Amino acid sequence: MHTTSRQILYRKLNFKHISWSSIGSVSTIAIIAYLSTITGYAFLIPPFGATCYIVFSIPDSAFAQPRSIIGGHVLAVFVGLLCSFIFGSNWWSQGIAIGAIVAGMHLIRVNHPPAAATTMLLTLRDYNNWNVFYTVLIGSVMIAVVAVVFNKYVLKHKYPHYWW
């Protein structure tokens, strides 16, 4: 029988999965926020919240694999900063940046939807500070590391399905 999206929407809730997904997300964001606080560097950006949702709610997804998390966000920073530097902050720069990140993620096979938000974030104002590259790289690596530890050692779940 074919499952419709409405059937998926009203499927029975798995409260154990919901609880563990929430705990994984809370732990990850708390660790990154704490490291940001003690080092004085901003390793936390809003798209990381969406990344945590994907990683801990649907860890079997290709979007949730370390390659996609790290590669997607790193490519997103590069594209966002490049578009911001070349075109400035305006409506068409933002459109070009999103088109470029979507194409880029497909081409190098690092599809991660929250990374598009990272690109958009960097084109909302004139950004010419390449230090954000390091903070996003470190933050995305921390998400991947916490996801591996949490899934393998806490949940005893096979994760990741592939690294690269």
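Pro160 is found in the segment after helix H7 (131-154), where helices and strands are DSSP runs numbered from the N terminus, helices being H or I with at least four residues and strands E with at least two. The peptide bond from Tyr159 to Pro160 is cis, with omega near 0°. Most peptide bonds are trans, and most residues other than glycine have a negative phi.

This is a predicted model, in which local features need pLDDT of at least 70 and side-chain atom pairs count only at pLDDT 80 or more, while totals for chains, interfaces and linings use all residues. Residues are numbered from 1 along each chain as its sequence is written, and side-chain values use heavy atoms, with hydrogens and water left out.

**Backbone exceptions**

The segment after H7 also holds Lys156, a residue other than glycine whose phi is positive, near 55°. Arg109 likewise has a positive phi, near 60°, and is placed in the loop between helix H5 (91-108) and helix H6 (113-123). Residues are classed by relative accessible area: buried means under 20%, exposed over 50%, and partly exposed in between (1.4 Å probe, protein chains only). Arg109 counts as exposed because its relative accessibility is 62%. Lys156 is exposed as well, with a relative accessible area of 67%.

**Overall architecture**

The protein has seven helices and zero strands, so that its elements, from the N terminus on, run α-α-α-α-α-α-α. Its C-alpha trace spans about 50 × 45 × 25 Å along the principal axes. The radius of gyration, taken over C-alpha atoms, is compared with a globule rule of 2.2 Å times the number of residues to the power 0.38. For 164 residues a compact globule would have a value near 15 Å, and the 17 Å of the protein agrees with this.

Buried residues make up 40% of the 164 residues. Of the contacts (heavy atoms within 4.5 Å) with a separation of 6 or more, 76% are between residues 24 or more positions apart. The accessible surface comes to about 9,500 Å², and carbon and sulfur atoms account for 69% of that area. Accessible areas come from the Shrake-Rupley method with a 1.4 Å probe; for residues, only the protein chains shown count as cover.

**Aromatic pairs and a nonpolar patch**

A search of the whole structure finds six aromatic pairs. Rings of Phe, Tyr and Trp (its six-membered ring) pair if their centres lie within 6.5 Å; planes under 30 degrees apart count as stacked, over 60 as edge-to-face and the rest as tilted. The pair of Phe78 and Trp130 is tilted, because the ring centres are 6.3 Å apart and the planes stand at 55°. This pair links distant parts of the chain, with Phe78 in helix H4 and Trp130 in the loop between H6 and H7, 52 residues apart. Elsewhere, ring pairs join Trp20, Phe56 and Phe150 into a cluster.

Phe78 and Trp130 also belong to a nonpolar surface patch with Leu82, Phe85 and Ile86, which together have about 510 Å² of accessible area. Patches are made of residues with over 30% relative accessible area and no salt bridge; like charges are joined within 9 Å and nonpolar side chains (Val, Leu, Ile, Met, Phe, Trp, Tyr) within 5 Å. A salt bridge is a side-chain nitrogen of Lys or Arg within 4 Å of a carboxyl oxygen of Asp or Glu. Leu82 lies in helix H4 (residues 66-87).

| Patch residue | Relative accessible area | Class |
|---|---|---|
| Phe78 | 42% | partly exposed |
| Leu82 | 31% | partly exposed |
| Trp130 | 36% | partly exposed |
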